[in-house]
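Colleague: Hi! Could you walk me through this one while I have it open on my screen?
Modeller: Happy to. Let me put it up and we can go through it together.

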Amino acid sequence: RLRAVIADDCEFRPPTYFKPWTGGDETTVLLCCAAEVFGPSFEYGRQWLSDDGREWALEFSATIEGAKVGIDGIDLVSLDETGKIKDFAVLA
């Protein structure tokens with residue numbers, strides 16, 4: 001389901017790498033791995049959407065499973081003209 005909403009040429013920019021990961025499959029794998037690490041503690045708080053709905057800023061908080069370490073950050077998401085995610089940057 002997730003892969004269906006990610007563009008084939010999506011760029012994923014995590015805070016832990018010096019360059020973006022490119023590709024829909026790669027982005028899907030990384031987002032699924034993050035979901036495993038954070039588990040049910042991950043939740044979005046404040047959200048901002050551009051007037052055209054194609055730019056999102058999503059504030060999040062989570063706890064790293066097993067480590068009891070909290071994290072706060074912002075996901076910046078851009079959609080292409082078909083509504084698929086074309087850019088996903090994580091600021092943490």
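Modeller: Keep in mind that this is a predicted model. A good place to begin is the salt bridge between Asp25 and Arg3, where the closest N and O atoms are 2.8 Å apart. That pair links distant parts of the chain: Asp25 belongs to helix 1 (residues 24–38), Arg3 lies in the segment before strand 1 (6–13), and the two are 22 residues apart.

Colleague: Is Asp25 buried or exposed?
Modeller: Asp25 is partly exposed, with a relative accessible area of 48%. Arg3 also counts as partly exposed, at 26% relative accessibility.

Colleague: Which residue does Asp8 form a salt bridge with?
Modeller: Asp8 forms one with Arg3, and there the closest N and O atoms are 2.7 Å apart. Asp8 counts as exposed because its relative accessibility is 63%, and the cut-off for exposed is over 50%.

Colleague: How many salt bridges are there by this rule?
Modeller: The count comes to five. Another one of them joins the side chains of Glu11 and Arg13, at 2.5 Å from N to O. Glu11 is partly exposed at 23% relative accessible area, and Arg13 is partly exposed at 34%.

Colleague: And which residues do shared partners join into one network?
Modeller: Arg3, Asp8 and Asp25 are joined into one network by salt bridges that share partners.

Colleague: Nice. Changing topic, what is the strand order in the sheet?
Modeller: It is an open sheet of six strands in the order 2-1-6-5-4-3, and the pairing is mixed. Strand 2 (21–22) and strand 3 (43–49) stand at the edges. Each of those two has a single partner strand, so one side of each is left without a neighbour in the sheet.

Colleague: Where does helix 1 sit relative to that?
Modeller: Helix 1 packs on the sheet and touches strand 1, strand 2, strand 4, strand 5 and strand 6 (85–91). The direction of helix 1 makes about 55 degrees with that of strand 1.

Colleague: Which residues of helix 1 are buried?
Modeller: Gly24, Thr27, Thr28, Leu30, Leu31 and Phe38 are buried in helix 1. Looking down the helix axis, the buried residues fall within an arc of 170 degrees, so they line one face of helix 1. What covers them includes strand 1, strand 2, strand 4, strand 5 and strand 6.

Colleague: What about the face turned away from the buried side?
Modeller: That face of helix 1 carries the exposed residues Val29 and Glu36.

Colleague: What span should helix 1 have, counting 1.5 Å a residue?
Modeller: The 15 residues of helix 1 should span 21 Å, and the end C-alpha atoms are 21 Å apart, which agrees. After helix 1 comes Gly39, which has a positive phi, near 55 degrees.

Colleague: Back to the sheet, then. In what sense do strand 4 and strand 5 pair, parallel or antiparallel?
Modeller: Strand 4 (residues 55–64) and strand 5 (residues 69–79) pair in the antiparallel sense, over 10 bridges. If you want to trace the register, Leu58 stands opposite Asp75 in strand 5, and Ala57 stands opposite Leu76 in strand 5.

Colleague: How many bridges are there between strand 5 and strand 6?
Modeller: There are six, and strand 5 and strand 6 also pair in the antiparallel sense. Leu79 stands opposite Ile85 in strand 6. Strand 5 and strand 6 form a hairpin with five residues between them. In the turn, Gly83 has a positive phi of about 90 degrees.

Colleague: One last spot: where is Gln47 found?
Modeller: Gln47 is in strand 3, and Gln47 is exposed, with a relative accessible area of 54%.

Colleague: What is Gln47 in contact with, leaving aside neighbours within four places in sequence?
Modeller: With those neighbours left aside, Gln47 is in contact with Ala57 and Leu58. You can also look at Ile74: Gln47 and Ile74 are 27 residues apart in sequence and 9.3 Å apart in space, C-alpha to C-alpha.

Methods: Residues numbered from 1 in each chain as written. Predicted model: local features only at pLDDT ≥ 70, side-chain atom pairs only at ≥ 80, totals over all residues. Heavy atoms only, no water. Salt bridge = Lys/Arg side-chain N within 4 Å of Asp/Glu carboxyl O. Buried < 20%, exposed > 50% of the residue type's maximum accessible area, 1.4 Å probe, protein only. Helix = DSSP H or I, 4+ residues; strand = E, 2+ residues; numbered from the N terminus. Pairing = 2+ DSSP bridges. Contact = heavy atoms within 4.5 Å. Axes fitted to C-alpha atoms, helices over the stretch in contact; angles between N-to-C directions. Expected span 1.5 Å × (residues − 1). Arc of directions from axis to C-beta.
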